[in-house]
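Student: I am new to this structure and should like to study one part of it closely. Please take me through that part step by step and relate it to its surroundings.

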Amino acid sequence: MYTRYFFVVLLVCMLSSCSGPEYDPVPKGAELLVPFKTDLKTALVSGMESGPANAIAVCKTEAPHIAGELSVDGVVMGRSSHKLRNPENVAPAWVTPMIETFASNEGAPAPTGVDLGGGRYGYVEPILTQPLCLSCHGSSLHPDIAATIGELYPDDEATGFSEGDVRVVFWVEFPGPG
């Protein structure tokens with residue numbers, strides 16, 4: 001009798017602790033960011049056709065506009081960094097530790113997903129500094145570019161990067177399945 005009772009209790013305990021496979025937010029987060037990254041790159045490339053100083057102005061207006069247009073149906077997205085150019089790009093609290101980890105480690109950090117609780121998930125994707133980025137984010141800026149940055153972003157911290165550094169992250173918060 002006790003043996004049967006023991007196995008019933010054991011079975012109940014095992015079943016109650018099984019919640020099924022854990023949801024992986026990385027694929028969905030990456031998918032949600034594709035239009036943001038694509039539209040922003042298109043805007044920046046278009047802005048660069050008139051020179052880096054123009055691309056800075058384009059980035060200032062277009063990046064928040066694109067993120068805002070794509071932040072619908074419970075999805076919220078943006079960009080942030082450990083060295084901000086635009087103070088409006090302060091990271092949500094859940095993103096900050098990932099930015100710090102990405103910025104402090106050597107090598108290419110991997111995109112990361114996180115369960116935010118309450119049926120919400122987050123995804124953070126690091127963006128590494130490319131050679132073209134250095135014209136606006138490097139250690140030595142052309143005087144015209146430095147003047148434009150100083151005018152648009154008087155408290156700029158987003159310079160001094162080298163190729164391969166984590167410059168910024170894209171982040172997205174979204175509802176999970178169900």
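Tutor: G117 stands opposite R120 in β3. The model in which this placement is found is a predicted one. The two residues belong to the pairing of β2 with strand β3 (residues 120-128), which is antiparallel and runs over 5 bridges.

From here the sheet may be followed across its strands. β3 also pairs with β4, again in the antiparallel sense, and this pairing has 9 bridges. One position in it is Y123, whose bridge partner in β4 is V172. β4 in turn is joined to β1 by 5 bridges, and these two strands likewise run antiparallel. In this pairing, G78 has W171 of β4 opposite. As general background, strands of a sheet pair through backbone hydrogen bonds, in either a parallel or an antiparallel arrangement.

Taken together, the 4 strands form an open sheet whose order is β1-β4-β3-β2, with antiparallel pairing. β1 and β2 (112-117) are its edge strands, each of them pairing on one side only. From one strand to the next, the twist averages 20 degrees. The order in the sheet may be set beside the order along the chain, where the elements run α-α-α-β-α-β-β-α-α-β from the N terminus on. In total the chain has 6 helices and 4 strands.

The surroundings of the sheet come next. Helix α2 lies across β1, β2, β3 and β4, and runs at about 120 degrees to β4. As for β4, 9 of its 10 residues are buried, so this strand is largely enclosed by the rest of the structure. For the chain as a whole, which has 178 residues, the buried share is 33%.

A residue of β3 shows the contact between helix and sheet in detail. E125 is located in strand β3. Its relative accessible area is 13%, and residues under 20% count as buried, so E125 is buried. The side chain of E125 makes a polar contact, at 2.6 Å, with the side chain of K37. Leaving aside residues up to four places away in sequence, E125 touches L33, K37, P111, V168, V169 and F170.

F170, one of those neighbours, leads to the aromatic rings. A search of the whole structure finds 4 aromatic pairs. In one of them, the rings of F36 and F170 have centres 5.1 Å apart and planes at 65 degrees; planes over 60 degrees apart count as edge-to-face, so this pair is given that name. The pair links distant parts of the chain, with F36 in helix α2 (residues 26-48) and F170 in strand β4 (residues 166-175), 134 residues apart. F36 has a relative accessibility of 1% and therefore counts as buried. F170, with a relative accessible area of 6%, is buried as well.

A further pair involves W171, the residue opposite G78. The ring centres of W94 and W171 lie 6.3 Å apart and the planes stand at 90 degrees, so this pair is edge-to-face. Here too distant parts of the chain are linked: W94 is in the loop between β1 (76-80) and α4 (96-104), W171 is in strand β4, and 77 residues separate them. Both W94 and W171 are buried. In addition, Y23, Y121 and F174 form one aromatic cluster. Another ring, that of F161, has the charged end of K83 over it, 4.7 Å from the ring centre.

Links between distant parts of the chain can also be expressed as a share of contacts. Of the contacts in the chain between residues at least 6 apart in sequence, 71% join residues at least 24 apart.

One residue in the loop leading to an edge strand completes this view. D73 is found in the loop between α3 (52-70) and β1. Its phi is near 55 degrees, which is a positive value in a residue other than glycine. D73 counts as exposed, because its relative accessibility is 72% and the cut-off is over 50%. This contrasts with E125 in the sheet, which is buried.

Terms used: Residues numbered from 1 in each chain as written. Predicted model: local features only at pLDDT ≥ 70, side-chain atom pairs only at ≥ 80, totals over all residues. Heavy atoms only, no water. Phe/Tyr/Trp six-rings, centres within 6.5 Å; stacked < 30°, edge-to-face > 60°. Buried < 20%, exposed > 50% of the residue type's maximum accessible area, 1.4 Å probe, protein only. Lys NZ or Arg CZ within 6 Å of the ring centre and 35° of its normal. Pairing = 2+ DSSP bridges. Axes fitted to C-alpha atoms, helices over the stretch in contact; angles between N-to-C directions. Contact = heavy atoms within 4.5 Å. Polar contact = N/O pair within 3.5 Å; in protein donor to acceptor, adjacent residues only side chain to side chain.
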